[in-house]
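Here are some notes to read alongside the structure. Please keep it open while going through the points.

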Amino acid sequence: FPSHDTNTRKSANKNTTIHNHVIQQSFIGAHPTQHSSVDNSPHYINYFIGKDSTTWRSNVHATQKISYSNFYPNIDMYIDAHNQQLEYSFKIAPNTDPSQIKYTIAGTENINIDALGNMHYYHGLGEIVEQKLIAWNLDTKGNKTFVPIKFILENNYISYEFPNGHDKNQVLIIDPELIFSSFTGPIVTGK
């Protein structure tokens, strides 16, 4: 992710100012080295940015889902687009400690967890909401057993807690969901 940035710039239309703000989510101790894309689009995009042709990219196919194997040891991360929302989830192998997953958020003015368990990130242009977490154990037959989970915010670190535990002998899925409708799209002001 890019570093935290707040920016105001003139658009091609000289009477319009575009405001943007970057929020950076940094996973502590993660190793996002091996990734693969799933559900690639037949359509592609070419990126010819700048004068250095060694940085240009062509035939880049859009994808619905990216997976990171061993994002943490024995924990895979998935990022996918679903219903015009960006989602990420974790698949934790049996007998693996999910407390390895810990992250910080930069570029916010305030972070809090509401009474319903939703995480709110406040910034200069609005708010980002991560809905209450959903988690389940997955048995060898593909059956789901939902387990209670909640966000923990401590010393600017965010992690997950399982108040009633979970079956450590089964796969565990953690499925947060961001609400992008509260902050996507540029804020444009006319002069």
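1. A charge sits over a ring if NZ of Lys or CZ of Arg is within 6 Å of the ring centre and within 35 degrees of the ring normal. Lys102 fits this description: it lies over the face of Tyr157, at 5.6 Å from the ring centre. Lys144 is placed over the face of Trp136, with 4.3 Å to the ring centre. Bear in mind that this is a predicted model.

2. Aromatic pairs come next, and the structure holds 13 of them. In one, Phe27 and Phe90 meet edge-to-face, with 5.9 Å centre to centre and 70° between the planes. Phe27 belongs to strand 3 (residues 24-27) and Phe90 to strand 7 (residues 85-92), so this pair ties together parts that are 63 residues apart in sequence. Ring pairs also link Phe27 and Phe90 into a cluster, whose members include Tyr68, Phe71 and Tyr103.

3. Are these two rings buried or exposed? Phe27 is buried, at a relative accessible area of 14%. Phe90 is buried too, at 1% relative accessibility.

4. Asp80 is part of strand 6 (residues 75-82). Its relative accessibility is 16%, so Asp80 counts as buried, the cut-off being under 20%. Apart from neighbours within four places in sequence, Asp80 is in contact with Gln64, Lys65, Gln85, Leu86 and Glu87.

5. On the surface, Ile45, Tyr47, Ile49 and Val60 make up a nonpolar patch, with about 350 Å² of accessible area together. Val60 is located in strand 5 (residues 57-72) and is partly exposed, with a relative accessible area of 30%.

How values were computed: Residues numbered from 1 in each chain as written. Predicted model: local features only at pLDDT ≥ 70, side-chain atom pairs only at ≥ 80, totals over all residues. Heavy atoms only, no water. Helix = DSSP H or I, 4+ residues; strand = E, 2+ residues; numbered from the N terminus. Buried < 20%, exposed > 50% of the residue type's maximum accessible area, 1.4 Å probe, protein only. Contact = heavy atoms within 4.5 Å. Patch = residues over 30% accessible without salt bridge, like charges linked within 9 Å, V, L, I, M, F, W, Y side chains within 5 Å. Areas by Shrake-Rupley, 256 points an atom, 1.4 Å probe, with all protein chains shown as cover. Salt bridge = Lys/Arg side-chain N within 4 Å of Asp/Glu carboxyl O. Phe/Tyr/Trp six-rings, centres within 6.5 Å; stacked < 30°, edge-to-face > 60°.
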